[in-house]
Amino acid sequence: MKKEDIREAVEQDEKWDSGELGQEEAYVERVGFDQAIEDAINQSVRLRPISIRMEEELIDDLKTIAEHYNVGYQPLIRQLLKRFVASEKKVLKQRAQVMEIKGPEDQRANKG
């Protein structure tokens, strides 16, 4: 994904979070909404709502950083987690490659 695409996605998330999108009464209509529809929507955009407990100071810091970059703090958290996971996957892949090169017998010799 290109930086510009990521930026556009984050900006759109921010517009939804701030209410710039989705709050004009001209486009509002009350509909029957059941769990199956909500699940289908979340699956189609590949997002799943979660609940996480974080220290208030950390949340405040994230909001400050997000404000600096002119994005919402939740899209910022998603991007941070994506970066972390990508980095950790690389580390794990490198470790697996080292283990393949050394072989299991070398690993046992280093432990003993």
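These are my notebook entries on what I looked up in this structure, which is a predicted model.

**Entry 1: the overall plan**

I started with the chain as a whole. I found 5 helices and 0 strands. Reading along the sequence, I wrote the pattern down as α-α-α-α-α. Next I looked up burial: of the 112 residues, 10% count as buried. I also looked at contacts with a separation of 6 or more, and 46% of these join residues 24 or more positions apart.

**Entry 2: two helices and their lengths**

I turned to α1, which has 16 residues. From its first C-alpha to its last it reaches 22 Å, close to the 22 Å expected at 1.5 Å a residue. Just after α1 I came to Gly19, which takes a positive phi of about 95°.

Then I asked what span the 30 residues of α4 should have. At 1.5 Å a residue, the expected value is 44 Å, and the end C-alpha atoms are 43 Å apart, so the two agree.

**Entry 3: what is buried in α4**

Which residues of α4 are buried? I listed Pro75, Leu76, Ile77 and Gln79. I then looked for what covers them, and the cover includes α1 and α3.

Gln79 made me stop, so I gave this residue of α4 a closer look. Is Gln79 buried or exposed? Its relative accessible area is 18%, and because the cut-off for buried is under 20%, Gln79 counts as buried. Leaving aside neighbours within four places in sequence, I found Gln79 in contact with Ile6 and Val10.

**Entry 4: the largest nonpolar core**

How many residues make up the largest nonpolar core? I noted 6: Val10, Leu62, Ala66, Val71, Leu76 and Ile77. The elements that give two or more residues to this core are α3 and α4.

I picked Leu62 from that list and followed its contacts. Beyond its neighbours within four places in sequence, Leu62 touches Met54, Tyr73, Leu76, Ile77 and Leu80. Two of these partners, Leu76 and Ile77, are also members of the core.

**Entry 5: the largest pocket**

Now for the open spaces. The largest pocket holds about 1,200 Å³ of space. I found 26 residues lining it, and Leu47, Arg48, Pro49, Ile50 and Arg78 lie nearest its centre.

Where does the lining come from? Helices α1 (3-18), α2 (35-44), α3 (56-68) and α4 (73-102) each supply at least two residues. Of these, α4 gives the most, with 10 residues. I also sorted the lining of the largest pocket by class: 16 nonpolar, 3 polar and 7 charged residues.

**Entry 6: the second largest pocket**

The second largest pocket has a volume of about 420 Å³. Its lining includes Lys3, Ile6, Arg7 and Val10, along with Leu62, Ile65, Tyr69 and Val71. Leu76, Gln79, Leu80 and Arg83 line this pocket too. Helices α1, α3 and α4 each supply at least two of the lining residues. By class, I counted 8 nonpolar, 1 polar and 3 charged.

I was pleased to meet some names again here. Val10, Leu62, Val71 and Leu76 line this second pocket, and these residues also belong to the largest nonpolar core. Gln79 is in the lining as well, and so are its two contacts from my earlier entry, Ile6 and Val10.

Definitions and conventions: Residues are numbered from 1 along each chain as its sequence is written. This is a predicted model: local features need pLDDT of at least 70, side-chain atom pairs count only at pLDDT 80 or more; totals for chains, interfaces and linings use all residues. Side-chain values use heavy atoms; hydrogens and water are left out. On a 1 Å grid over the protein atoms alone, a cavity is a set of points where a 1.4 Å probe fits but cannot get out, and a pocket is an open set with protein on both sides within 12 Å along at least five of seven lines; lining residues have an atom within 4 Å of a point. Grid points are joined across faces, edges and corners, and a volume is the space filled by probe spheres set on the points. Helices (H or I, at least four residues) and strands (E, at least two) are DSSP runs, numbered from the N terminus. Ala, Val, Leu, Ile, Met, Phe, Trp, Tyr, Cys and Pro count as nonpolar, Asp, Glu, Lys and Arg as charged, and the others, Gly among them, as polar. A nonpolar core is a set of buried Ala, Val, Leu, Ile, Met, Phe, Trp, Tyr and Cys residues joined through side-chain atoms within 4.5 Å. Buried means under 20% relative accessible area, exposed over 50%, partly exposed in between (1.4 Å probe, protein chains only). Contact means heavy atoms within 4.5 Å. The expected span of a helix is 1.5 Å times one less than its number of residues.
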